[in-house]
Amino acid sequence: MPDPYKIWTIIFFLGIGTYLIRFSFLGIIGDRVLPAWFTQHLNYVGVAVMPGLIVPFLVGTEATGGALDAPRLLAAVAAFAVGIWRRSALWSVVAGISTLYAMMYLIG
Amino acid sequence: MGLTPTSTKSAFWLGYRDNIPFWLIVAPFGLLFGAVATEAGFTIVQTMIMTSFVVAGSSQFTALTLLNEGAPTLIILATSLAVNLRMAMYSAALVPHLGRAPLGMRALFAYFLVDQSYATSINAYTDNPEMTLTQKCWYFTGSFTCLLPLWVASTFVGALVGAKIPPEYALDFAVPICFIALSAPMMRSLPHFVAALVSMGGTLAFIGVPYSMGLLIAAFLAMIAGVQTEKLLKRRAQYA
C-alpha cells in the first residue's frame with residue numbers, strides 16, 4: 001500500500017501543475033497579437049506533437065509494455081491510412097479497432 | 001466537419017459530434033486507468049479526485065507506474081508534468097482563436113484543454129475560417145462536454161471492476177489509436193506531412209532523452225520543418 005500522504009501530494013501538485021501548463025499562453029497572452037512568424041509555427045503544433053506520441057508504442061518502451069504485436073501494428077497502419085484518406089477521426093478509429101479485432105481473431 | 005456552424009447552438013453540437021468517435025477511445029482508457037489505479041493501491045476517492053482534477057490520462061498513468069516502482073515524489077511529479085508540457089503548445093496554438101474570449105472563460109477552457117478538444121477544435125477553426133469567436137467558444141465547449149463525463153464515469157467503472165477486465169479486449173490499444181485518429185485528419189498539405197515525419201523521426205532519435213523531453217525537441221524541429229517546407233513551396237510557385 002503506498003503512503004496516502006504521498007498519493008495526495010502527487011494528485012495535488014500534478015493537478016495544479018497541469019492546469020498552469022494549460023493556462024499558460026491562453027491565459028496570459030489573451031488578446032495580445034502574436035508575431036506572424038510565431039503563429040505560422042503554431043499552425044504545425046498538432047502535426048508536430050501527436051505523430052511523435054505514437055512512436056513509443058510502435059518501438060516499445062518500458063512504459064508502453066513492449067512494441068506493438070502484428071495485429072496492433074496492422075491496426076495502427078489501417079487507422080492511419082483510413083484517417084488520412086477520409087480525413088476523419090471516426091473512420092480512423094473504426095478502421096483501427098475493426099482491424100485489431102479481426103487480426104486478433106485470425107492470427108490470435 | 002463540412003457543415004458550417006451558423007449559430008452558437010449548432011457550433012456546440014458540431015464540437016460535440018466531432019468528438020463522438022473518441023468515445024471508443026476514452027471509455028477503454030478510463031476503464032484501464034481506474035483498474036490500474038485500484039491495483040496500485042489507490043482508494044476509489046483518490047482515483048476519482050485524480051482523474052477529475054488532473055484530466056490528463058497519459059500523465060496519470062506515468063505517475064502510477066513510477067509510484068509502483070517506488071520513485072521519489074519529486075521525480076514522479078517532474079516526469080508526469082513533463083508528459084503534459086505539450087499542452088503549453090496547444091495553449092499557444094489556441095491563442096489566435098480563443099485569445100479574445102473573457103479571462104474567466106479562458107481559465108475554464110484551460111482546465112478542459114486535452115488532446116481531443118485541442119485537435120478537433122483547431123481542425124474545425126482551420127477548415128471554417130469564417131467562424132466567429134462565439135462559435136469557436138461553443139465548439140470548444142461542445143468538444144469537452146462530449147468526452148469529460150465519459151472519462152470520469154469510465155474511470156469510476158474501471159476502479160470498481162478492477163483487474164477483472166479480460167486482456168482479450170485489448171484496451172491497451174486505446175492510447176496509440178487515439179493519437180493516430182487525432183493526427184490523421186490534420187494531414188492537410190505536404191508541409192504537414194513533412195512536419196509529421198520529422199516529429200516521428202525526431203521522437204525516435206531522441207527516445208533516450210529523459211523526462212520525455214525528446215518529444216518536445218522533435219516537436220520544435222517538426223514545426224520548423226513544416227514552416228520551411230511551406231516557404232519553399234511558395235517560393236517555387238512564384239518562380240514557376
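**Exercise 1. Contacts of Ile177(B) and the nonpolar core**

Task: In this predicted model, find which residues Ile177(B) is in contact with, leaving aside its neighbours within four places in sequence, and then place Ile177(B) in the largest nonpolar core.

Solution: Begin with the contacts that Ile177(B) makes to chain A, which are Ala76(A), Ala79(A), Val93(A) and Gly96(A), and then add Ile25(B) from chain B. Next, turn to the largest nonpolar core, which holds 108 residues and in which Ile177(B) is listed with Ala79(A), Ala195(B) and Ala222(B) as touching the most other members. Finally, look for the element that gives the most to this core, which is helix H2 (residues 23-39) of chain B, with ten residues.

**Exercise 2. The side of chain A that touches chain B**

Task: State how many residues of chain A are in contact with chain B, and work out which element gives the largest share of that side.

Solution: The count is 61 residues of chain A in contact with 77 residues of chain B. The elements of chain A that give two or more residues to this side are helix H1 (4-28), helix H2 (36-42), helix H3 (45-59), helix H4 (70-86) and helix H5 (89-107). H1(A) supplies the largest share, 18 residues. Sorted by class, the side of chain A that touches chain B has 39 nonpolar, 17 polar and five charged residues.

**Exercise 3. Two helix pairs in chain B**

Task: Decide how H4(B) and H5(B) are oriented to each other, and how H1(B) is oriented to H8(B).

Solution: For the pair formed by helix H4 (residues 57-68) and helix H5 (residues 73-84) of chain B, the axes come within 8 Å and cross at roughly 160 degrees. Angles over 145 degrees count as roughly antiparallel, and H4(B) and H5(B) are therefore roughly antiparallel to each other; their crossing is right-handed. The contact is made on the H4(B) side by Ser58(B), Ser59(B), Thr62(B), Ala63(B), Leu66(B) and Leu67(B), and on the H5(B) side by Ile75(B), Ile76(B), Thr79(B), Ser80(B), Val83(B) and Asn84(B). These residues divide into six nonpolar, six polar and no charged.

For the other pair, helix H1 (residues 8-19) and helix H8 (residues 115-127) of chain B pack at an angle of about 120 degrees with their axes 10 Å apart, which makes H1(B) oblique to H8(B). The crossing of H1(B) and H8(B) is also right-handed. Here H1(B) contributes Leu14(B), Gly15(B), Asp18(B) and Asn19(B), while H8(B) contributes Gln116(B), Thr120(B), Ser121(B) and Ala124(B). By class, the contact of H1(B) with H8(B) has two nonpolar, five polar and one charged.

**Exercise 4. Residues with positive phi**

Task: For Arg87(A) and Val55(B), give phi and the place of each residue in its chain, and then decide whether Arg87(A) and Val55(B) are buried or partly exposed.

Solution: As background, most residues other than glycine have a negative phi. Arg87(A) has a positive phi, near 45 degrees, and is found in the loop between H4 and H5 of chain A. Because Arg87(A) has 17 C-beta neighbours inside 10 Å, Arg87(A) counts as partly exposed. Val55(B) has a positive phi near 50 degrees and sits in the loop between helix H3 (44-54) and H4 of chain B. With 22 other C-beta atoms within 10 Å, Val55(B) is buried, the cut-off being 20 or more.

A glycine can be added to the list, since Gly60(A), just after H3(A), takes a positive phi of about 85 degrees. H3(A) itself is mostly covered, with 13 of its 15 residues buried.

Methods. Residues are numbered from 1 along each chain as its sequence is written. Chains are lettered from A and ligands numbered from 1 in the order in which they are written. This is a predicted model: local features need pLDDT of at least 70, side-chain atom pairs count only at pLDDT 80 or more; totals for chains, interfaces and linings use all residues. Axes are lines fitted to C-alpha atoms, for helices over the stretch in contact, and angles run from 0 to 180 degrees between N-to-C directions. Helices (H or I, at least four residues) and strands (E, at least two) are DSSP runs, numbered from the N terminus. Angles under 35 degrees count as roughly parallel, over 145 as roughly antiparallel, 65 to 115 as roughly perpendicular and the rest as oblique. A crossing is left-handed if the near helix is turned anticlockwise from the far one by less than a right angle, and right-handed if clockwise. Two residues are in contact if their C-beta atoms, placed from the backbone, lie within 7 Å. Ala, Val, Leu, Ile, Met, Phe, Trp, Tyr, Cys and Pro count as nonpolar, Asp, Glu, Lys and Arg as charged, and the others, Gly among them, as polar. A nonpolar core is a set of buried Ala, Val, Leu, Ile, Met, Phe, Trp, Tyr and Cys residues joined through C-beta atoms within 7 Å. A residue is buried if 20 or more other C-beta atoms lie within 10 Å of its own, exposed if 12 or fewer, and partly exposed in between; C-beta atoms are placed from the backbone.
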